[in-house]
Structures are given as structure tokens and as C-alpha cells.
Amino acid sequence: LNDSLRSPENNFKLDAFKNEIWLKKEDGTEIILTHPRVVGLTLQKEGVIHNYRRLVLPSATDRVRKFVELFYAGTITLVKEYQKKFSSADDSSTKVLNGEDEDVFETKEIYYLVDESGSLRRLRLKLDDLYDLFPSLVKKYKSELDAFFKGKSISKNLTETEVIGLLNFISDLKK
């Protein structure tokens with residue numbers, strides 16, 4: 001589980017590929033916590049605290065209950081899902097620069113935002129997606145939002161930092 005995050009005491013780790021929490025017992029053995037009442041975990045990686053909660057995520061095929069990181073929590077909630085995909089060395093599409101086959105994990109980050117109706121919806125880091133999730137707020141504060149974007153030189157494609165700044169600004173507008 002070299003790609004996992006660990007708790008500050010190194011007793012817990014989250015396997016993002018399998019969506020499992022592992023507990024290291026005092027005798028050094030590890031067990032997987034599978035009980036559905038495990039709803040969250042706080043982990044630390046490189047001195048940064050990460051809060052995870054198990055939420056039901058919208059999906060094209062079915063509703064999935066998965067651990068996601070609480071990326072921003074204020075009057076608006078933004079969560080980040082880490083999807084891990086394993087590509088085997090046997091797969092001909094998996095090549096590294098030196099030309100040798102190698103097993104690799106690919107990580108994809110997917111964002112979800114709680115919209116005006118309280119539903120968790122997928123969000124691309126694009127200004128239009130954010131506008132679509134908050135139509136009445138955008139209509140009410142259009143001039144303030146435009147001034148914020150112009151003042152921060154924000155374009156249509158957003159970074160994580162810009163999204164957090166924007167969510168802070170929206171939270172202040174909603175007060």
C-alpha cells in the first residue's frame with residue numbers, strides 16, 4: 001500500500017484503490033475495517049491533515065458509498081474522490097520511458113460539490129460548472145462575482161486554489 005495515506009500514529013491507512021481502511025494492531029498484524037458504521041477517518045501525509053468521510057457518490061450506473069476527502073467545508077461542501085486504476089505490465093499500453101513494462105497505478109481526482117438543492121453533484125474545475133450548480137446565487141450576485149474574477153484574474157478553467165478562494169467568497173456572499 002505504498003500509495004496510501006496513514007494516520008498520525010501509523011495505526012490506520014486508507015487504500016484508495018480498494019476503498020478500504022486498514023488497522024495495524026499492537027501485535028503488528030493488520031485487519032481491514034469493513035463495518036458500514038465506519039464513516040470517517042482523519043489521516044496525515046507529509047504533515048498535512050486529510051479528513052475522509054464515506055459518502056454516497058452519484059454515478060452513471062449505480063450509487064457508490066466511498067471514502068472521499070473533505071476538501072472544503074464551509075457553508076458549501078466540496079469533496080475530492082481519488083480513483084485508482086491499476087495497469088498491469090502485461091497490458092501492452094503500459095510502457096515507461098526506458099521501454100520496459102511496469103505495473104503502475106494511475107490516479108484520477110474527481111470533485112463533487114453540494115449544490116443549491118443540497119444534492120452532491122460532480123464538478124469539473126470550470127467556471128461554467130460552478131455557475132450551473134448555483135444559478136440563483138450567480139443571478140443575484142453576478143456583478144460581485146464578475147468583479148471577483150476580474151480582480152483575481154480567474155479564467156474559465158479553475159485551479160483547486162481558485163475554487164477554494166471562490167467558495168470562500170461565495171460563502172461570504174451567502175451570509
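Among contacts between residues at least 6 apart in sequence, 40% join residues at least 24 apart in this chain. The model is a predicted one, and its chain has 175 residues, of which 34% count as buried. Its secondary structure amounts to 10 strands and 4 helices. Read along the sequence, these follow the pattern β-β-β-β-β-β-β-β-β-β-α-α-α-α.

The packing of the helices offers a good place to start. Helix α3 covers residues 142–152 and helix α4 residues 160–174; their axes come within 11 Å and cross at roughly 150 degrees. Since angles over 145 degrees count as roughly antiparallel, α3 is therefore roughly antiparallel to α4. The crossing of α3 past α4 is right-handed. On the α3 side, the contact is made by Glu-144, Leu-145, Phe-148 and Phe-149, and these meet Gly-165, Leu-166, Phe-169, Ile-170 and Leu-173 of α4. By character, the residues of this contact divide into 7 nonpolar, 1 polar and 1 charged.

From this helix pair it is a short step to the nonpolar cores. In soluble globular proteins, nonpolar side chains tend to be buried together. Here the largest nonpolar core has 26 residues, and those with the most contacts inside it are Leu-78, Leu-113, Leu-123, Leu-145, Phe-149 and Leu-166. At least two residues of this core come from each of the strands β7 (64–73) and β9 (104–114) and each of the helices α1 (127–133), α2 (135–140), α3 and α4. The most is given by α4, which supplies 5 residues. Apart from this core lies another, of 8 residues, with Ile-21, Leu-41, Phe-67 and Tyr-82 among them. Returning to the largest core, Leu-166 shows who meets whom: with neighbours within four places in sequence left aside, Leu-166 is in contact with Leu-127, Leu-130, Leu-145, Phe-148 and Phe-149.

Two buried residues deserve a closer look, one in a strand and one in a helix. Ile-110 is found in strand β9. With a relative accessible area of 4%, Ile-110 is below the 20% limit and so counts as buried. Not counting residues up to four places away in sequence, Ile-110 touches Val-79, Lys-80, Glu-81, Gln-83 and Arg-122. Ile-110 and Leu-123 are 13 residues apart in sequence, and their C-alpha atoms are 7.6 Å apart in space. The helical example is Asp-129, which lies in α1. Although Asp counts as a charged residue, Asp-129 is buried, because its relative accessible area of 13% is under the 20% limit. Leaving aside neighbours within four places in sequence, Asp-129 is in contact with Leu-123 and Arg-124. Leu-123 is also one of the residues with the most contacts inside the largest nonpolar core.

The backbone holds some points of interest in the loops as well. Most residues other than glycine have a negative phi, and most peptide bonds are trans. Asn-19, by contrast, has a positive phi, near 55 degrees. This residue sits in the loop between β2 (12–15) and β3 (20–24). For Ser-153, too, phi is positive, with a value near 55 degrees. The place of Ser-153 is the loop between α3 and α4, the two helices described above as roughly antiparallel. Ser-153 has a relative accessibility of 62%, which is over the 50% limit, and therefore counts as exposed.

Note on methods: Residues numbered from 1 in each chain as written. Predicted model: local features only at pLDDT ≥ 70, side-chain atom pairs only at ≥ 80, totals over all residues. Heavy atoms only, no water. Axes fitted to C-alpha atoms, helices over the stretch in contact; angles between N-to-C directions. Parallel < 35°, antiparallel > 145°, perpendicular 65-115°, else oblique. Left-handed = near helix turned anticlockwise from the far one by under 90°. Contact = heavy atoms within 4.5 Å. Core = buried A, V, L, I, M, F, W, Y, C linked by side-chain atoms within 4.5 Å. Buried < 20%, exposed > 50% of the residue type's maximum accessible area, 1.4 Å probe, protein only.
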